[in-house]
Amino acid sequence: MTEEKKTALAVIEEKREEICGVADQIWEYAELSLKEFRSANLYCETLEKEGFHVEKGISGIETAFSASYGSGRPLIGILAEYDALSGLSQVAGSTERKERVAGGTGHGCGHNLLGAGAFAATLAVKAYLEKTKTPGTVVLYGCPGEEGGAAKAFMARDGGWKDLDAALTWHPEDVNEVATGSSNSCIQVQYKFTGIASHAAGAPERGRSALDAVELMNIGVQFLREHMSDKARVHYAITDAGGCSPNVVQPRASVLYMVRSNHVSEAIELQKRVDRIAEGAALMTDTTIERKFIDGLSDTVSNFALERVLYKNFSEIGVPTYTEEENAFADALSKTYAGNDRVPGVAAENDSALREEVMEKQAKVGHAMNAFLAPLYQGEAFKAGSTDVGDVSWLTPTAQIHVASWPNGCPGHSWQNVSCDRTEIGHKAVICAGKVLAGTAIDLFTDPELLNEARKEFEKRTAEGFVSPIPADAVPVVPDLG
């Protein structure tokens, strides 16, 4: 590692209080998708003070922003998220379920950490470009609505990301690794049925039940499951059952569907089949239907070339280490959920020899925090979940890492995650992620061959072209509830 690079990464330690302060403040805000007004403002104000050129409301999304520094190429993007989840309010640093606010929100996916780590990386890259006078531009993208809203996907539909030479990001996890492999694409649509209210006993023949339509639609989709790809997934939630009076024929009801498939083109076709089932349910019940598109996002495209640069930097920089008190907390927290004995990471899931290596590393650590770097895996891998990072990866070479932020096996979207997110364990993940992303970006700025290799691989993997799952006239929205 060059002295210039070491100096740039040291900026993250110098600004540690500011960076972790941002993470903690976003944790306090815990704003839901597309409603992250205070979180976005905090980032924009902080970045402006740090000397970045900030643009707000990009792609017509109020809580999206970009913050750039430098000039010319290469143009490297670093992706930040900062939305929370409903029903996950939790006291920080507790090994018991304790709500801060009854029924409140919480960062169950660690996006308060994710955004702060991306912010940290951007500060270090700016310092490097500034000090060395290296040509190029770094851009921090504030990407709201990952949990529902898919801002990155809307930006992709509008032509964003194509100008970047590469994009980097990270996500909190229970393991330190370079992520790889494909994920499911995903489309969310809400179906709102309207019928006719009537007395369910006195005049049922006059009623037309919207709730019956929802139930018939759900039954139709259950029969569809046998006839779709084994990698596809269809989920639903009844968002309005029409009321709580059983003696009323319910005149309104709605259901939110999430359709997933490994490739976006497959998801679009599967979505059409679900649409036809909804139309059939309306015909059977003599009700009308309104289809409200919520969001859609694509499967991810790996880039092994970028992943190798990330792994090199991860190896050089190292993983977080923990005090006795931090290990004791994590060990106690891990006893509050099932699956705390899992063997973590994409390498262990896809390669038996690497799985043995990970198990040995786990045993050597001897605690719930996986304080080791998992081996690099570069083969075919698949995760059934979805992320709008996928849309970015179809338009520019993209890669990401995971940094241990929670104990081993900690379930996603859980109160345990929220508890960890505002502790020194979470802070250490932020600092580590920032350094690895920054180190990788600096390498890309200084070695053109790395970007050339990544671009060649990208063009080969995306030769079929990008198909956006988002209609041209759709705008980011959240589902109607009740």
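Q: Which residue is the bridge partner of W170 in strand 15?

A: In this predicted model, W170 is matched with I401 of strand 15. That bridge belongs to the pairing of strand 5 (residues 166-173) with strand 15 (residues 398-404), which runs in the parallel sense over seven bridges.

Q: In what order do the strands of the sheet that holds strand 5 and strand 15 lie, and what is the pairing?

A: The general idea helps in reading any such sheet: side chains alternate between the two faces along a regular strand. Here the sheet is open and has seven strands, ordered 1-2-4-3-5-15-6, with mixed pairing. Its edge strands are strand 1 and strand 6 (177-178), each of which pairs on one side only.

Q: How many bridges join strand 2 to its partners, strand 1 and strand 4?

A: Strand 1 (residues 53-56) and strand 2 (residues 65-71) run antiparallel and are joined by four bridges, with H53 standing opposite S68 of strand 2. Strand 2 also pairs with strand 4 (residues 136-142), again in the antiparallel sense, over seven bridges, and there F65 has G142 of strand 4 as its bridge partner.

Q: Which strands does helix 4 lie across, and which does helix 14 lie across?

A: Helix 4 (residues 111-132) lies across strand 2, strand 3 (75-80), strand 4 and strand 5, and its direction is at about 140 degrees to strand 5. Helix 14 (residues 424-446) lies across strand 3, strand 4, strand 5 and strand 15, running at about 165 degrees to strand 5.

Q: Why is helix 4 described as largely enclosed by the rest of the structure?

A: The general point about helices is that an α-helix has 3.6 residues a turn, so residues three or four places apart point the same way. In helix 4, 19 of the 22 residues are buried, and the helix is therefore largely enclosed by the rest of the structure. From its first C-alpha to its last, helix 4 reaches 32 Å, close to the 32 Å expected at 1.5 Å a residue. After the helix comes K133, whose phi is positive, near 60 degrees.

Q: Where does S89 lie, and is S89 buried or exposed?

A: S89 lies in the loop between strand 3 and helix 4, and because its relative accessibility is 1%, S89 counts as buried. Apart from neighbours within four places in sequence, S89 is in contact with R97, K98, E99, R100, V101, G104, T105 and G106. The C-alpha atoms of S89 and G142, which are 53 residues apart along the chain, are separated by 23 Å.

Q: What is the strand order of the open sheet of four strands?

A: The order is 10-12-8-13, and the pairing is antiparallel. Strand 10 (233-240) and strand 13 (288-297) are the edge strands, each pairing on one side only, and the twist averages 20 degrees from one strand to the next. Strand 8 (residues 185-194) and strand 12 (residues 252-261) run antiparallel and are joined by 10 bridges, and V189 has Y257 of strand 12 as its bridge partner.

Q: Which strands of this sheet does helix 6 touch, and which does helix 7 touch?

A: Helix 6 (residues 210-224) packs on the sheet and touches strand 8, strand 10 and strand 12, with its direction making about 20 degrees with that of strand 12. Helix 7 (residues 264-285) also packs on the sheet, touching strand 8, strand 10, strand 12 and strand 13, and its direction makes about 10 degrees with that of strand 8.

Q: At what angle do the axes of helix 8 and helix 15 cross?

A: The axes of helix 8 (residues 304-317) and helix 15 (residues 448-461) come within 7 Å and cross at roughly 140 degrees. The two helices are therefore oblique to each other, since only angles over 145 degrees would count as roughly antiparallel. F304, A305, L306, R308 and V309 of helix 8 make the contact with L450, E453, A454, E457 and R461 of helix 15. By class, this contact has six nonpolar, no polar and four charged residues.

Q: Which residues of helix 8 are buried, and what do they pack against?

A: The buried residues are F304, A305, L306, E307, V309, L310, N313 and F314. They pack against helix 1 (3-14), strand 5, strand 6, strand 15, helix 14 and helix 15. Helix 8 has 14 residues and reaches 20 Å from its first C-alpha to its last, close to the 20 Å expected at 1.5 Å a residue. Helix 8 is followed by G318, whose phi is positive, near 90 degrees.

Conventions
Residues are numbered from 1 along each chain as its sequence is written. This is a predicted model: local features need pLDDT of at least 70, side-chain atom pairs count only at pLDDT 80 or more; totals for chains, interfaces and linings use all residues. Side-chain values use heavy atoms; hydrogens and water are left out. Two strands pair if DSSP finds at least two bridges between them. Axes are lines fitted to C-alpha atoms, for helices over the stretch in contact, and angles run from 0 to 180 degrees between N-to-C directions. Contact means heavy atoms within 4.5 Å. Angles under 35 degrees count as roughly parallel, over 145 as roughly antiparallel, 65 to 115 as roughly perpendicular and the rest as oblique. Ala, Val, Leu, Ile, Met, Phe, Trp, Tyr, Cys and Pro count as nonpolar, Asp, Glu, Lys and Arg as charged, and the others, Gly among them, as polar. The expected span of a helix is 1.5 Å times one less than its number of residues. Buried means under 20% relative accessible area, exposed over 50%, partly exposed in between (1.4 Å probe, protein chains only).
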